[in-house]
Amino acid sequence: MSLLETLVEQESRLVFTSFDNEVALALGAFLLDAARERALPVTISVRRGQQRLFHAALPGTSADNDEWIDRKSRVVDRYGQSSYRVGESFRASGKSFDVDSRLDPDRYAAHGGVFPVNVAGVGLVGTVGVSGLPQAEDHAFVVEQLEKFLTNA
C-alpha cells in the first residue's frame, strides 16, 4: 500500500460518532498525557470549526509551533483531508503544494501533523493536531492516539 493509500485509509477509519466540547477536551488531555509520557516537544491543538477547544505547549516548543498548527489546520479546513495527505497528494502528482496550490505559504502548510475530525453522517467538524516533530512523526503520533482514543470511546 502506498503512503497516499495509507493516509486515505486512516481518514476513512478514524471517524467519531459525535464531537462536542467535552470530547474535544478529553481528546486533548489524552494526547497531552501521551506526549508527556514520551517527553515529546509538541504543541497540541483540538478545534471544532474555527474555535480552539484545547491547546497545550510542552517544553521544547515555541510560538512557531502555534503558527505551524494554524497553517496546517487551514489546509485541513480547506481540503477536508489531513495536512500530510494533502502534501503527499501534491508530491505524488509531481507537484509542490507551496507553488502549485497557489495558496500563501505563510498561511497554509501541507505538512504532516493535523488530522480532520470527521463525524459519521456529518463530515468534517474540526481538527486535531500536533507540531514539534518531523512531519511524518507528527502525523503518526496523532493517528496512533486517535486509534487508541476512538477504541476506548
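**View 1. Gly94, just past helix 4, has a positive phi.** In this predicted model, Gly94 follows directly after helix 4 and adopts a phi of about 75 degrees, on the positive side. The helix that leads up to this glycine covers residues 83-92, and the next view takes us there.

**View 2. Helix 4 is mostly covered.** Of the ten residues in helix 4, seven are buried. Here is the list to look for: Ser83, Tyr84, Arg85, Val86, Gly87, Glu88 and Phe90. And what lies over them? The cover on these buried residues includes helix 1 (3-13), helix 3, helix 5 (97-100), strand 3 (114-119) and helix 6. Two of these elements, helix 3 and helix 6, return in the views below.

**View 3. Arg71 in helix 3 is buried without a salt bridge.** Helix 3 runs over residues 63-79 and holds Arg71. Which side chain of opposite charge is nearest to this buried arginine? It is Asp98, 5.7 Å away, and Arg71 has no salt bridge. Setting aside neighbours within four places in sequence, the contacts of Arg71 are Pro105, Asp106, Arg107, Tyr108 and Ala109.

**View 4. Gln145 sits in helix 6.** This helix spans residues 135-152. Is Gln145 buried or exposed? Its relative accessible area is 2%, so Gln145 counts as buried, the cut-off being under 20%. Beyond residues up to four places away in sequence, Gln145 touches Phe30, Leu31, Ala34 and Arg38. For a sense of scale, look across to Thr61: its C-alpha atom and that of Gln145 are 20 Å apart, with the two positions 84 residues apart along the chain.

**View 5. Stepping back, the whole chain comes into frame.** Six helices and four strands make up the secondary structure of the protein chain, in the order α-α-β-β-α-α-α-β-β-α along the sequence. The radius of gyration is 14 Å, close to the 15 Å given by the globule rule for 153 residues, so the chain is as compact as a globular protein of that length. Its C-alpha trace spans about 40 × 35 × 30 Å along the principal axes. Among contacts with a separation of 6 or more, 66% join residues 24 or more positions apart.

**View 6. Surface and charge complete the tour.** Buried residues account for 46% of the 153 in the protein chain. The chain exposes about 7,400 Å², and 49% of that area comes from carbon and sulfur atoms. Its side chains include 16 positive and 21 negative ones, and the centres of these two sets are 4 Å apart.

Methods: Residues are numbered from 1 along each chain as its sequence is written. This is a predicted model: local features need pLDDT of at least 70, side-chain atom pairs count only at pLDDT 80 or more; totals for chains, interfaces and linings use all residues. Side-chain values use heavy atoms; hydrogens and water are left out. Helices (H or I, at least four residues) and strands (E, at least two) are DSSP runs, numbered from the N terminus. The radius of gyration is taken over C-alpha atoms; the globule rule is 2.2 Å times the number of residues to the power 0.38. Buried means under 20% relative accessible area, exposed over 50%, partly exposed in between (1.4 Å probe, protein chains only). Contact means heavy atoms within 4.5 Å. Accessible areas come from the Shrake-Rupley method with a 1.4 Å probe; for residues, only the protein chains shown count as cover. Lys and Arg count as positive and Asp and Glu as negative; His and the chain ends are not counted. The place of a charge is taken as NZ of Lys, CZ of Arg, CG of Asp or CD of Glu. A salt bridge is a side-chain nitrogen of Lys or Arg within 4 Å of a carboxyl oxygen of Asp or Glu.
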